[in-house]
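Reader: I have a sequence and a model on my screen. Can you take me through the fold, one question at a time?

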Amino acid sequence: MINASVMTTPFGVKLVKFFQNTRFYPLISAFLGGFCALAFAPFLFWPALFSLSGLLFFLQKAQTMREAAKISFAFAFVFYFSSLYWVGNAFVTVGLGPVSLVAYLGLPLLLTLDLVTCGTLAWKFARDKSPMMMAFFFASAMAITTLLQADGELAFPWVEFGYAMPFTILQAASLIGVQGLGVLAVFAALIPFVNNKAYTAFFGMLFIGFYGFGTLQLEEKSQETTYNLRLIQPSISQENKWNPDEIQKNLQLQGVLSQMDAEKPIQAVLWPEAAVTFDYRQYPEVQKNLANAAPQGGYVFLGNIRKNEGRVFNSFSVLSDAGDIQAIYDKKHLVPFGEFVPFKHLLPGVEKLTHGSQDFSKGTEPLTISLKNLPPFRILICYEVLFANEILPKGEKRPEWILNVTNDAWYGNTTGPHQHLYITRARAIEQGLPVIRVANNGISAVIDGKGRIIHQLGLNDVGFIDFALPGSNPPTPYNRYGYFVSYALLILSCMILGGIIWLNRRKMNRQR
């Protein structure tokens, strides 16, 4: 604590004047936004979320809506830039350095709309109310924007506040999902701003309860099945991956990793996303050679490019040791600008970031794959792991494990691969299912149904992991009723906002 006498010194007087001068509020807010980014992987310094209280403090002091918008924008832009700077690295990786500014600056600018809207509306309708009322308005508005941008072609639900939770508390995602946890995290982050004993006690006890629940969940040991698998991580650079002169070398490396001796007989070898950068079905000899990576009587799983009737797919295939195709899955949720250009007719000359000028097409195949001598599994290609509501659509039979093939070589040695891994662990917790994450480069991992990492290959590692497939847990409450959580949160948040706006208008009518 700073002694009150310090505030009477020349330095203390200047400090007080600085914080009383609203011209400096956007600058301080920008600092808070950057600090808030430390709450996410790989740092996971969750107290950084309390910077949201600082944002509301400065918003409440703003004199005009324009000032409120500036304060909100400064926080939001620096927060999203600090959290997602690694997206720009993808452009640099493929030799589009000058265009990288579009990602470095454009994506944060686009995402600031939610925080700027929430902050400005909170100032307009709740600044003259109690701090608790303003906190409820802001947190409810944030809940609505978060839920609305969680689905859809252009959705990018990467930086959700639920992912800022420590791993033990993250176990509560099995009850209410990351979205629900994130909404409550925003409310809890406003405890210093509200400064109310009842508010503090309620949300404090709630998260203490989540911590206790998580502790009990993690006391349960992970169970293994009798299925033995191998995942490989070749860590091929993005530059070499799509180089025609490197294709044979890349396939040989993945083949060597697949055929190395195993301590136990394995049923399948798992290759990463785009392990084969062309449609191997057009080359029977290549298809036969790929099948050599499969263990005797087993399978090789691989990501590949597939062409069909003039369309191109980011695909996943299963080959038997005899070279027969056992299953095909085409990626359904594509990356905007990465795999297709939205509103292409309005953007002539703009091409997708991935290799080739033709956009990828959406897949239509079933989500769950069943194979002889293996438990049924759900395949998720890279970006698809972000969308909690799309993992297991209502009415579809629950698989016994999830396979996530990916390629994080785009992002280099940044925070991106670490965030991607933590998101994947959250999906395992929500569904109570093990997730096997197979990366070309990135962080490959064997994750159990509690989100614990059992085995791992680090960023830039070249190697393989032989492992026994973890067993699935019973269906979680979120697995059974998760789609109700989003609806309930959306309705409740709208009711809170509506109530506060109604009170505000009623007060204004009385003053007239």
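Author: Cys382 makes a start. The model is predicted. Cys382 lies in the loop between strand 7 and strand 8.

Reader: What sign does the phi of Cys382 have, and about what value?

Author: Most residues other than glycine have a negative phi. Cys382 is not a glycine. Its phi is nevertheless positive, at about 50°.

Reader: Is Cys382 buried or exposed?

Author: The cut-off for buried is under 20% relative accessible area. Cys382 has 10% relative accessibility, so Cys382 counts as buried.

Reader: How do strand 7 and strand 8 run, and how many bridges join them?

Author: Strand 7 covers residues 374-381 and strand 8 covers residues 401-406. Arg378 stands opposite Ile402 in strand 8. The two strands run parallel, and the bridges joining them number five.

Reader: Which strands stand at the edges of the sheet with the order 6-7-8-9-10-11?

Author: This is an open sheet of six strands with mixed pairing. An edge strand here has a single partner strand, so one side of it is left without a neighbour in the sheet. From one strand to the next, the twist averages 20°. The edges are strand 6 (368-371) and strand 11 (453-457).

Reader: In the sheet with the order 5-4-3-2-1-12, which are the edge strands?

Author: This sheet is also open, with six strands and mixed pairing. Each edge strand pairs on one side only. They are strand 5 (325-330) and strand 12 (463-470).

Reader: By how much are neighbouring strands of this sheet turned against each other on average?

Author: Direction is ignored for this value. The average turn is 35°.

Reader: How do strand 3 and strand 4 run, and how many bridges join them?

Author: Strand 4 covers residues 311-320. Ile305 stands opposite Asn314 in strand 4. The two strands run antiparallel, joined by 10 bridges.

Reader: Which helices pack on this sheet?

Author: One helix, residues 247-259, touches strand 1 (224-233), strand 2 and strand 12, and its direction makes about 150° with that of strand 1. Another touches strand 3, strand 4 and strand 5, with its direction at about 50° to that of strand 4. They are helix 13 and helix 14.

Reader: How many of the 10 residues of strand 3 are buried?

Author: Strand 3 covers residues 299-308. Strand 2 (residues 268-270) pairs with strand 3 in the parallel sense over three bridges, and Ala268 stands opposite Tyr299. Strand 3 is largely enclosed by the rest of the structure, because its buried residues number eight.

Reader: Where is Ala274, and what is its phi?

Author: Ala274 sits in the loop between strand 2 and helix 14 (284-291). At 8% relative accessibility, Ala274 counts as buried. Ala274 is not a glycine, yet its phi is positive, at about 50°.

Reader: Is the peptide bond from Ala41 to Pro42 cis or trans?

Author: Most peptide bonds are trans. Pro42 is in the loop between helix 2 and helix 3. The bond from Ala41 to Pro42 has omega near 5°; it is cis.

Reader: Are helix 2 and helix 3 roughly parallel or roughly antiparallel?

Author: Their axes come within 9 Å and cross at roughly 165°. Tyr25, Ile28, Ser29, Leu32, Phe35 and Cys36 in helix 2 meet Ser51, Gly54, Leu55, Phe58 and Lys61 in helix 3. The crossing is left-handed. Angles over 145 degrees count as roughly antiparallel, so helix 2 and helix 3 are roughly antiparallel.

Reader: How far apart are the end C-alpha atoms of helix 4?

Author: Helix 4 has 20 residues. At 1.5 Å a residue, they should span 28 Å. The end C-alpha atoms agree with that, being apart by 28 Å.

Reader: What covers the buried residues of helix 4?

Author: Those buried residues include Ala68, Ile71, Phe75, Phe79 and Leu84. The cover includes helix 2 (25-36), helix 3 (51-61), helix 5 (87-93), helix 6 (100-126) and helix 15 (416-431).

Reader: Which residues does Ala69 touch, not counting residues up to four places away in sequence?

Author: Ala69 is in helix 4 (residues 65-84). Ala69 is partly exposed, with a relative accessible area of 25%. Beyond those sequence neighbours, Ala69 touches Val116 and Thr120.

Note on methods. Residues numbered from 1 in each chain as written. Predicted model: local features only at pLDDT ≥ 70, side-chain atom pairs only at ≥ 80, totals over all residues. Heavy atoms only, no water. Helix = DSSP H or I, 4+ residues; strand = E, 2+ residues; numbered from the N terminus. Buried < 20%, exposed > 50% of the residue type's maximum accessible area, 1.4 Å probe, protein only. Contact = heavy atoms within 4.5 Å. Expected span 1.5 Å × (residues − 1). Pairing = 2+ DSSP bridges. Axes fitted to C-alpha atoms, helices over the stretch in contact; angles between N-to-C directions. Parallel < 35°, antiparallel > 145°, perpendicular 65-115°, else oblique. Left-handed = near helix turned anticlockwise from the far one by under 90°.
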